[in-house]
Every structure is written in C-alpha cells, then in structure tokens.
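Work through these exercises with the sequence and the structure side by side. Try each task before reading its solution.

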Amino acid sequence: MSGLKLKLKNGNSFEELGSSEKQNGNTHSNLKLVDERPPRGREKPKKKKSNRYFYKVSNHHELFKIGRSFYSDYMAGVKSFAITSTGYQTSQQKTILGLASFFDHKEDLKIGIISDNLKRGAFKDIVSISKTIQYDYFGPDKSIEIKSFYNHFEFLDLSEILKLANDKELGEYDDVFDQIVDLYDIVFWDVPELHNIQVDSEKYFPVIMKFESISIIVAQSLTKRGDVEDIKKFFLGYGINLKGLLLEEKTSLEKKEEAPISKDSLTRKDTRKKSWWQRLFKSK
Amino acid sequence: MKKFNIVLHETTIINFPFFWKLMNRYKFATLVAPFLVFCYAFYFYNAQNTIFVRSVNFKNIVSEQEGASSAIASVLGEKSSGLNESEVSGIIRSLDFQQEFSEALFHNPEFSKLDLSSVKDKKPFDMDAFLASCAGERECIYKKVRSALFGMISISGDRTITNSYILKVMSKDKFTTSLVLNEAIKAIVKHRVETIRHKLSQQIDLSEELVKSKRIELTNIDHNKLMERKKSLENTVTSMDLKERSYAKFLQSLKIKLALMETKMKETKRVASRSDASVSSGTLNLQARKRLEEKIRKLESDIGAIKVVANEISNQDENILKQLEAELNKSQKKLLSFGMAGRSLASEMDFYNRKEGESNFTEFDYKVAKQQFSKTKTDFETVLVEKEKLLTELSDLDIKLEVIKPNLEYTQLLEGKIIQLKLLNSTVVSDLVFERELGGVHTFKKVNRSKMMLFSFVASALLLVLITLSVYFFDDRIYDQFELAKSFEDLTIIGNTPDFE
C-alpha cells in the first residue's frame with residue numbers, strides 16, 4: 001500500500017506494489033512517474049500554506065502527542081488512518097480534524113477526510129463553508145462532490161463513494177477506493193459505527209481494506225470494555241493494524257452534552273444505548 | 001480477572017488509591033451504604049428494650065485451710081476449700097434450686113406483678129396469658145416460671161476480689177428486677193444451708209454405718225476379753241517377777257549357807273580324825289586339872305559364902321574358914337604346878353570333844369540344807385518356766401492387739417468425727433454471705449451506643465467495600481487511562497483526543 005504511485009497521463013491512477021514492479025520491469029510507455037518516493041520516509045515538507053482559519057485546541061499538548069505518533073507512522077509510510085469508536089462520531093470527527101490540522105501545520109500535504117457524517121457533528125460547520133469541487137474521474141455523470149476547506153483538507157462523503165463503488169454500470173468496485181486514496185497524501189477515515197459495518201460488511205469490505213492503521217476512541221466513563229473488544233476483534237480479523245487507543249476525556253464529553261443535540265445525534269445516541277440484540281433486531 | 005488485578009496490589013493487597021478512585025466514581029453507592037447502615041443501627045438501637053439490671057455482691061466465706069495435711073490432701077485431689085467459682089455460678093443452674101426458687105416466687109404475693117418476658121421480647125407481658133396454657137397445673141406453672149426466670153439471673157466472679165461474686169438480675173421491668181433479686185438472695189442462702197446440712201447428714205449416716213461395721217468386727221475379735229486377759233497376764237507376770245526375785249534371793253542365801261555348811265562339815269570331819277591320837281595322853285592331866293579347878297571354885301565359893309556372913313563368925317567357923325583357905329592355897333599351888341600344859345590340853349580336848357559332838361549335827365544340817373536348796377532350786381526353775389509361758393502368751397496377745405489397733409483407732413476417730421458432724425449439723429450456716437446493701441437499679445440497652453457505632457462503622461466499611469467492588473466488577477465501562485491501559489495491555493494508549501474550544 002505504501003509503494004510507488006503511478007499516474008496515467010489521462011489522469012487515471014492505480015497502485016502497484018513496488019516490489020512486484022521491480023521484479024517484472026513493468027514500465028508502460030503511457031505512464032508518467034509523478035511521485036517518486038524514497039523507499040523509506042518522505043521528502044522534506046514544502047512551503048506551508050497560509051491559514052485564514054484556525055482551531056483553538058484546549059489540550060494542545062495531547063494533540064501534539066497523538067499528532068507526533070501519527071506523524072511518525074506517516075513518515076514510516078502509512079497514509080490511510082482510520083478512526084473508530086463505540087458510537088462517538090463527534091469524537092471521531094474532532095480527532096480527525098485535530099490530526100488533519102496537525103499534519104497540515106506540519107507539512108504541506110494533500111489531506112483527505114472521508115466520512116459518512118459530513119453534515120453532522122464537528123464536520124458540519126467546516127463542510128458548510130468549504131468549496132465544492134466536482135470530481136468526475138469516473139465520468140461526467142458519475143462525479144462525486146469534494147468539499148475543499150481552503151485547500152487545507154478535502155472532505156469526501158463515504159456514502160457517495162460507496163454508491164459509486166456499487167454502481168453496476170461503472171463496475172469499478174475496488175478501484176474507486178484506490179483512486180480516491182491515491183488522490184491524497186494522507187487519508188483519514190471517519191469509520192462508521194461497527195454494527196453498520198457488520199450489517200453490511202460486503203459493502204464496507206473494500207473500505208476496510210483501505211485502512212492501513214486503525215485507532216479506537218474510548219469515551220471515558222461511557223465506553224465499555226466489551227465494545228472495545230468487539231471492535232478490536234473485528235478489525236484484527238481483517239488484518240488491520242491496530243495502532244492504539246485514544247481516550248476521550250469526560251470534560252470534553254460533558255461539553256458536547258451541554259451543546260444542543262440534533263435529532264440525528266439523538267437517534268444515534270438512542271441506538272448506542274440499545275443493547276446488541278436490540279440493534280440487531282432493528283437492523284433486520 | 002483483569003479487574004481483579006487492577007484492584008489488588010502486590011504490597012498492600014488492596015490498591016488503595018484505586019479503591020479511593022472507585023469510591024469517588026461510585027459516590028452514590030458509597031454514600032448510600034453507610035447511610036443505610038447508620039439508619040438501620042439507629043432504628044435497631046431505639047427499638048431495643050430498656051433493660052433494668054440490679055446486682056449484689058456476695059462472698060464465699062469458707063477460706064482455704066492452711067497446713068501440711070491440707071496441702072497433702074489438695075495434692076491427692078481432696079477438696080479442702082469451699083465452693084469454687086464454677087460451683088457458685090452453677091448454683092442457679094441447678095434444677096433443684098430452680099424448682100425451689102420458682103415455687104417460692106410463685107407463692108410470693110407480688111408474683112402477679114412480675115414481668116417474666118424475655119429482654120428481647122417486644123410485646124408487653126401478660127401474666128394470665130403466660131400461664132394460660134398450664135390451666136392451673138402447678139408443675140406446668142413452675143416449669144414455665146423456671147424457664148422464664150433463669151434467663152434473667154446470672155452469677156459471675158468478681159475479678160477484683162478473691163472469693164467474691166456478683167449476683168445480677170436483668171429484666172424489662174424495674175419492680176421485677178428488684179423482687180427477683182431479693183428472692184434470689186433468700187433462695188440461694190436457703191439452698192446453701194440445706195445443701196450443707198444434707199451433706200453433713202449424709203456424712204453422719206455414712207460415719208455411723210462405718211462405726212457400726214467396725215464395731216461388729218471388733219466384737220467378733222472380742223477385743224475387751226483380749227484386753228482383760230492382757231491385764232491379767234501382766235499382773236501375773238508381775239507377781240511372778242516378785243516370786244522369782246524372792247526365790248532367787250532365797251536360793252542365793254541357801255547356796256551360801258550350803259557352801260558354809262559344806263566347809264564346816266569338812267573341817268569338822270578333818271579335826272575329828274586328827275584328835276583321836278593326842279587325846280589319850282593328855283586326858284589324865286586334863287582331868288586332874290579340871291578337878292583342881294573345880295575344887296578351887298568350890299572353895300572360893302564356900303569362903304565367899306562364909307565371909308558374907310562374917311559379922312557373926314564363930315570360932316568354929318573361923319577354923320573352918322582357915323582350913324578352907326589353906327585348902328584353897330594348896331589346891332592353887334597344885335594347879336600352878338600343872339603349868340600351861342594342862343590348860344591347853346584341856347582346851348584342845350574341850351575343842352575336840354565339842355567338835356566331835358558337833359560333827360554329827362553339822363552333817364545333818366548340811367544334808368537338810370542341801371535338800372532345802374535342791375527343793376528351792378526346783379521351785380525357782382518351775383517359777384521361771386511358768387513366767388516364760390506367761391510372757392509368750394502376753395507377747396502373742398500384744399501382736400493380736402497391735403493388729404486390731406488401727407481398726408480400733410479408726411473407729412475412735414469416726415466416733416469423734418460423728419460428734420463433730422452432729423455439732424456442725426446443729427449449727428450450720430450458709431457459706432455464701434450477701435452484702436446487706438443492694439446496688440441501685442441501672443438501665444441499659446442490650447447493644448449499647450458504642451457497640452452500635454462500632455458495628456455501624458465496621459458494617460459501613462465492609463458494605464462500602466462490598467458494594468464498591470461489586471459495582472466495579474459489574475460495571476464494564478472504562479473510566480480512566482490507568483484502567484484502559486490495564487484492560488488492554490496489548491494495545492498502545494496513544495493519548496487523549498483533541499478538544500476544541
């Protein structure tokens with residue numbers, strides 16, 4: 001997943017493993033090497049973009065700590081980071097935004113954030129002021145919307161990507177995800193709730209396969225061990241590297257509770273509160 | 001298991017900082033547990049009956065006997081002192097005492113006012129209801145009263161004073177406490193007196209039985225007869241001693257006399273045999289001398305007789321006197337002419353003759369004396385043999401009496417003991433002496449405040465620990481980074497999620 005990136009002249013791109021390429025000497029004439037990366041590490045950061053917006057982080061030290069951890073992974077060649085939790089979507093989004101900001105601040109990278117909750121939670125405000133770009137790589141009638149936040153991050157709706165991937169006419173099931181991931185230097189996945197994935201695992205399988213590293217957010221005083229164990233077992237079952245655990249402190253949760261709760265979030269919360277058999281029954 | 005590991009600590013067993021954290025986490029549970037315990041304790045304390053207690057001290061006055069015999073008796077297990085603590089405490093557990101006391105209390109005019117319910121019983125006591133099931137049957141009533149009463153009374157040792165005890169009565173009612181205490185004192189004293197008297201009577205009976213049996217034994221042996229016989233023998237032996245001494249003395253004198261006579265006889269015989277030769281030559285001289293001497297003596301007497309009557313001497317008489325004097329002179333001259341030879345021979349002859357005459361008597365006497373000596377000796381020996389027999393008999397008798405002696409002494413001691421016991425029996429008093437002044441009536445609760453507080457604290461602490469740990473074990477949520485790290489030791493804790501203002 002972390003091999004050389006080759007891009008077609010007409011804009012199409014695919015990924016090949018560096019090792020297999022070297023063995024086969026597969027250098028097609030219509031391919032142009034657009035990103036020659038060293039076998040280990042990455043090139044020096046480019047000139048930073050100017051920032052018109054900034055987030056004020058209350059626990060900057062913690063952000064720096066986790067950002068450095070992710071950055072070291074990035075420097076080791078990991079570019080697709082998934083963030084999941086036991087139903088705390090807002091925490092996932094805030095964490096992704098924090099990490100994206102850290103990377104944006106650290107290097108001039110093309111950062112992609114893929115979520116199925118762009119119009120809710122922490123992404124809602126940012127997405128609302130982001131510029132919409134139509135990405136028609138798979139055809140003019142098969143375009144998807146990319147929300148670019150002042151060229152700092154780009155938001156992609158996972159539902160649209162899944163829809164595109166499942167488009168029978170297109171027939172590019174896995175390639176859609178490959179193409180999307182290849183668009184960015186670093187991708188953050190706002191992972192849907194586990195039971196949603198479990199209910200429709202065939203649909204989400206190519207998404208999961210794009211995860212190079214997954215981190216689980218544990219909400220203080222709310223998350224149960226059993227739920228974390230379920231997530232852990234699930235993703236380890238797919239061979240995903242489990243990076244570690246992120247703790248969502250109670251203070252931040254309380255703040256969230258103080259904020260007005262939308263109808264959707266209420267529904268989510270109700271769902272979260274329900275036991276596994278209730279959720280399973282409902283899903284059926 | 002992971003949770004257990006979190007709670008436990010390798011040094012302090014319980015991870016106290018974490019436990020404190022748990023208490024903070026489950027504040028409600030930790031506050032509710034002590035609150036509930038204290039509420040229950042408060043309710044329980046107030047719901048308890050007020051118990052009225054009154055006590056009196058009493059002393060066991062039978063002191064320890066001192067001395068070697070009592071010490072030996074103690075070593076051998078014989079009881080030398082009065083009642084010990086367990087026996088004193090056991091008085092009120094005696095069924096006989098309980099029965100007597102119940103009867104006495106039942107016949108007390110104030111009996112109907114008593115509250116015989118248990119101190120734990122919450123309901124008010126009704127005597128009629130209490131005795132209703134007995135339907136007036138005395139034995140049943142006594143039994144019921146007995147079972148109710150003896151939960152109230154207790155005897156315990158006074159730890160500060162030797163041989164001192166405390167009689168305590170507890171009940172739900174002040175009047176009942178006082179009355180039962182007073183009656184209990186009387187009953188205990190009476191019980192002790194009766195017990196001691198009974199004991200003494202039994203001892204007297206037993207001693208008398210023993211004396212009787214011993215007496216029969218002594219009668220069969222006929223001890224008195226033996227004693228009389230001994231006395232008689234001793235007297236006989238004494239008289240025999242006197243007789244023996246007398247015989248011995250007499251025999252000794254006889255022996256000496258016999259020896260003398262024997263010597264005398266021998267010498268007489270020897271003299272007699274020697275005189276036969278010399279007597280024949282000197283006999284004539286001796287006879288002449290004797291005649292002269294006789295003549296002179298007669299002449300001198302005649303002269304003397306004439307001179308006595310001299311004042312009227314006649315011439316004739318004077319002539320006769322002169323003739324007599326001449327004759328006397330002549331005879332004296334003649335006698336002088338014999339010299340000493342005639343005289344010695346005369347005396348010798350006289351001696352021989354006398355001895356010759358005596359020799360027959362001496363031998364006779366000797367023979368008589370010898371026979372007497374022999375007879376006396378035989379008698380003496382007979383006396384000695386008789387005495388020996390008596391002494392042997394006396395010795396046998398002494399042995400017999402010596403064998404009988406312990407029995408006799410034992411019997412005598414028993415008789416003395418019987419007299420002593422009878423004396424004691426007639427003057428018996430209780431060995432337990434109660435103080436005249438009774439203590440005041442105190443009130444208390446079965447479980448006092450201090451105990452209740454202590455119980456509450458301990459129970460609260462235990463319940464708190466139990467509840468906290470239970471909640472913790474059933475609570476699957478993750479509360480902090482420490483727990484997170486402990487729960488997922490195989491995963492890295494990256495840090496906290498960022499929080500935006």
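## Exercise 1: The end of a helix

Just past α9(B), Asp222(B) adopts a positive phi of about 60°. The model is a predicted one.

**Task.** Find how many residues α9(B) has, and compare its reach with the expected span.

**Solution.**
- Step 1. Count the residues: α9(B) has 48.
- Step 2. Go from the first C-alpha to the last: α9(B) reaches 70 Å.
- Step 3. Compare: at 1.5 Å a residue, 70 Å is expected, and the reach is close to that.
- Step 4. Move on to Asp222(B), just after the helix, where phi is about 60° and positive.

## Exercise 2: Positive phi in chain A

**Task.** Place Tyr150(A) and Ser221(A) in chain A, and decide for each whether it is buried or partly exposed.

**Solution.**
- Step 1. Recall the background: most residues other than glycine have a negative phi.
- Step 2. Take Tyr150(A): its phi is positive, near 50°, and the residue is not glycine.
- Step 3. Locate Tyr150(A) in the loop that joins β7 (144–149) and β8 (153–157) of chain A.
- Step 4. Classify Tyr150(A): its relative accessibility is 33%, so it counts as partly exposed.
- Step 5. Take Ser221(A): phi is about 70°, again positive, and again the residue is not a glycine.
- Step 6. Locate Ser221(A) in the loop between β10 (213–219) and α9 (225–237) of chain A.
- Step 7. Classify Ser221(A): buried means under 20%. Its relative accessible area is 7%, so Ser221(A) is buried.

## Exercise 3: Helix α6 of chain B

**Task.** Check the span of α6(B), then say which elements its buried residues pack against.

**Solution.**
- Step 1. Note the range: α6(B) covers residues 95–106, which is 12 residues.
- Step 2. Work out the expected span: 1.5 Å a residue gives 16 Å.
- Step 3. Compare: the end C-alpha atoms of α6(B) are 16 Å apart, so the two values agree.
- Step 4. List the buried residues of α6(B): Phe97(B), Gln98(B), Gln99(B), Phe101(B), Ser102(B), Leu105(B) and Phe106(B).
- Step 5. Look at their partners: these buried residues pack against α8 (138–149), β4 (153–157) and α9 (174–221) of chain B.

## Exercise 4: The disulfide

**Task.** How many disulfides does a search of the whole structure find, and which cysteines form the disulfide in chain B?

**Solution.**
- Step 1. Search all chains: one disulfide turns up.
- Step 2. Name the pair: Cys134(B) and Cys140(B), with sulfur atoms 2.0 Å apart.
- Step 3. Read the torsion about the S-S bond: it is about -65°, so the disulfide is left-handed.
- Step 4. Check the cover on Cys134(B): its relative accessible area is 3%, so it is buried.
- Step 5. Check Cys140(B): at 23%, it is partly exposed.

## Exercise 5: Two helix positions in chain B

**Task.** Find what Ser456(B) is in contact with, leaving aside neighbours within four places in sequence. Then find how far Lys255(B) is from Ser374(B), in sequence and in space.

**Solution.**
- Step 1. Place Ser456(B) in helix α12 (residues 449–474) of chain B.
- Step 2. Classify Ser456(B): with a relative accessible area of 1%, it is buried.
- Step 3. Set aside the neighbours within four places: Ser456(B) is in contact with Val37(B), Phe38(B) and Ala41(B).
- Step 4. Place Lys255(B) in helix α10 (residues 223–308) of chain B.
- Step 5. Classify Lys255(B): its relative accessibility is 48%, so it is partly exposed.
- Step 6. Compare with Ser374(B): the sequence separation from Lys255(B) is 119 residues, while the C-alpha atoms are 9.5 Å apart.

## Exercise 6: A surface patch

**Task.** Which residues form the nonpolar patch on the surface, and where is Met1(B) placed?

**Solution.**
- Step 1. Name the members: Met1(B), Phe4(B), Leu8(B), Ile13(B), Phe473(B) and Phe474(B).
- Step 2. Take their area together: about 730 Å² is accessible.
- Step 3. Place Met1(B): it sits in the segment before α1 (2–7) of chain B.
- Step 4. Classify Met1(B): its relative accessible area is 74%, so it is exposed.

## Exercise 7: The chains overall

**Task.** Describe chain A and chain B by secondary structure and burial.

**Solution.**
- Step 1. Chain A has 12 helices and 11 strands.
- Step 2. Of its 284 residues, 48% are buried in chain A.
- Step 3. Chain B has 13 helices and eight strands.
- Step 4. Of its 501 residues, 36% count as buried in chain B.

Methods. Residues numbered from 1 in each chain as written. Chains lettered and ligands numbered in written order. Predicted model: local features only at pLDDT ≥ 70, side-chain atom pairs only at ≥ 80, totals over all residues. Heavy atoms only, no water. Patch = residues over 30% accessible without salt bridge, like charges linked within 9 Å, V, L, I, M, F, W, Y side chains within 5 Å. Areas by Shrake-Rupley, 256 points an atom, 1.4 Å probe, with all protein chains shown as cover. Salt bridge = Lys/Arg side-chain N within 4 Å of Asp/Glu carboxyl O. Helix = DSSP H or I, 4+ residues; strand = E, 2+ residues; numbered from the N terminus. Buried < 20%, exposed > 50% of the residue type's maximum accessible area, 1.4 Å probe, protein only. Expected span 1.5 Å × (residues − 1). Contact = heavy atoms within 4.5 Å. Disulfide = S-S within 2.5 Å.
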